[in-house]
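User: Hi! I am new to reading protein structures. Could you walk me through this one with some questions and answers?

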Amino acid sequence: MGDPHLGFIIAAYVVAALTIGAMIGWVVLDGRRLNAELARATRALDGARGAKGERQ
Amino acid sequence: MVNLANPTTFVELTRRVLPWLAAATAALFVVGLWLSFAAPPDYQQGETVKIMYLHVPAAWMATFVYAVMAAAALGTLVWRHPLADAAQKAAAPLGAGFTFICLVTGSLWGKPMWGTYWVWDARLTSVLVLFILYLGLIALWRAIDDPGRAARAAAILTLVGAVDLPIIKFSVDWWNTLHQPASVFRLDGPMIAPELLMPLIVMSLAFTGLFLTLHVMAIRNEILRRRIARVTMLAAVKGDRLAPGLAAGGA
């Protein structure tokens, strides 16, 4: 592929790959963070319920 | 359909569908990229036509995602459905991503073909307006703390901004622009040679699959976010009941 505009083609594919990678990364990492946060919040709720049960 | 709109059902159903959707998208990208690089060069543009396999699907997705958001905005305003709010919010960053790819690849295609990276013609400007709309919607969601109010405000802005979609579509017909007119979706059939059209179709399906996969995942994230808020609030209420003195003290 000895096209004189090869640089433009490569740049377009690199930008698209990076943007798609960023979109995938954003969704996946956000999901992992939220799952960890939900687990932490659930433990806090269970703790509060358990403390209430002990008090009663 | 009504059952699917229940957040719990949605999470359960999509948990089973997501791996298949992601696998199909990855397969479409592999085939699409292989077909794109195997396709012959254009008789006028040479190998530069390969940018089309990214630019055109990204451009279609940029407008398609906004149409999905407009439909979700109706769901928010008319039926006040929480899944419609989540669908709207989850789609905006994805739409911004596709529009960014469309603008940058278009610019990189424009320089060797038109001799310039950018011109303020109707098609390019209306797509830039779409990108700014996406950024504005993302900012609006972040600016309003109450999710219900944020959803309604974003829905109104989305529906007002939807006027940009027909402008993008028909800009090349209504005004004299540097951008070429439609060459695929035409009443008299596509103007592109079948050898170039096939990779374009497969890449468009791959981009559509990518959006569907990421959108479903992002909606699930929004549902999670709401569950976290609910559980945190419940834990705080239980904690307050346990230690009312502590709560009154503003701890």
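What follows is a set of short questions and answers about this structure.

User: Before we start, how are things numbered, and what kind of model is this?

Analyst: Residues are numbered from 1 along each chain as its sequence is written, while chains are lettered from A and ligands numbered from 1 in the order in which they are written. Local features need pLDDT of at least 70, side-chain atom pairs count only at pLDDT 80 or more, and totals for chains, interfaces and linings use all residues, since this is a predicted model.

User: How many helices and strands does chain B have?

Analyst: Helices (H or I, at least four residues) and strands (E, at least two) are DSSP runs, numbered from the N terminus. Along the sequence, chain B reads α-α-α-α-α-α-α-α. The count is 8 helices and 0 strands.

User: What percentage of the residues of chain B count as buried?

Analyst: A residue is buried if 20 or more other C-beta atoms lie within 10 Å of its own, exposed if 12 or fewer, and partly exposed in between, with C-beta atoms placed from the backbone. The C-alpha atoms of chain B fill a box of roughly 80 × 40 × 30 Å along the principal axes. Of its 251 residues, the buried part is 37%.

User: Which helix supplies the largest share of the largest nonpolar core?

Analyst: A nonpolar core is a set of buried Ala, Val, Leu, Ile, Met, Phe, Trp, Tyr and Cys residues joined through C-beta atoms within 7 Å. The largest one has 62 residues, and B:Ala58, B:Ala62, B:Val65 and B:Ala91 have the most contacts inside it. At least two residues each come from helix H1 (6-55) of chain A and from H2 (52-79), H3 (82-114), H4 (122-143), H5 (147-161) and H7 (194-242) of chain B. With 17 residues, the largest share comes from H3(B).

User: Which residues does B:Ala91 touch, leaving out those up to four places away in sequence?

Analyst: Two residues are in contact if their C-beta atoms, placed from the backbone, lie within 7 Å. B:Ala91 is one of the residues with the most contacts inside the largest core. Its partners, beyond four places in sequence, are B:Val65, B:Val68, B:Met69, B:Ala72 and B:His215.

User: How do H2(B) and H3(B) run relative to each other?

Analyst: Two packed helices are described by the angle between their axes and the distance between the axes. Axes are lines fitted to C-alpha atoms, for helices over the stretch in contact, and angles run from 0 to 180 degrees between N-to-C directions. The axes of H2(B) and H3(B) come within 8 Å and cross at roughly 160°. Angles under 35 degrees count as roughly parallel, over 145 as roughly antiparallel, 65 to 115 as roughly perpendicular and the rest as oblique, so H2(B) and H3(B) are roughly antiparallel.

User: How many nonpolar, polar and charged residues are in the contact of H4(B) with H6(B)?

Analyst: H4(B) and helix H6 (residues 164-174) of chain B pack at about 160°, with their axes 8 Å apart. Residues of this contact include B:Leu130 and B:Leu133 of H4(B) and B:Ile167 and B:Ile168 of H6(B). Ala, Val, Leu, Ile, Met, Phe, Trp, Tyr, Cys and Pro count as nonpolar, Asp, Glu, Lys and Arg as charged, and the others, Gly among them, as polar. By class, the contact has 8 nonpolar, 2 polar and 2 charged residues.

User: Which helix gives the most to the side of chain B that touches chain A?

Analyst: In this interface, 35 residues of chain B are in contact with 31 residues of chain A. The elements giving two or more residues to chain B's side are H3 and H7 of chain B. The most, 18 residues, comes from H7(B).

User: Is B:Ala218 buried or exposed?

Analyst: B:Ala218 sits in helix H7 of chain B. Beyond four places in sequence, B:Ala218 touches A:Val27, B:Ala90 and B:Leu94. Because 23 other C-beta atoms lie within 10 Å, B:Ala218 is buried.

User: What is phi of B:Arg80 near?

Analyst: Most residues other than glycine have a negative phi. B:Arg80 lies in the loop between H2 and H3 of chain B, and B:Arg80 is partly exposed because 13 other C-beta atoms lie within 10 Å. Phi of B:Arg80 has a positive value in a residue other than glycine, near 50°.
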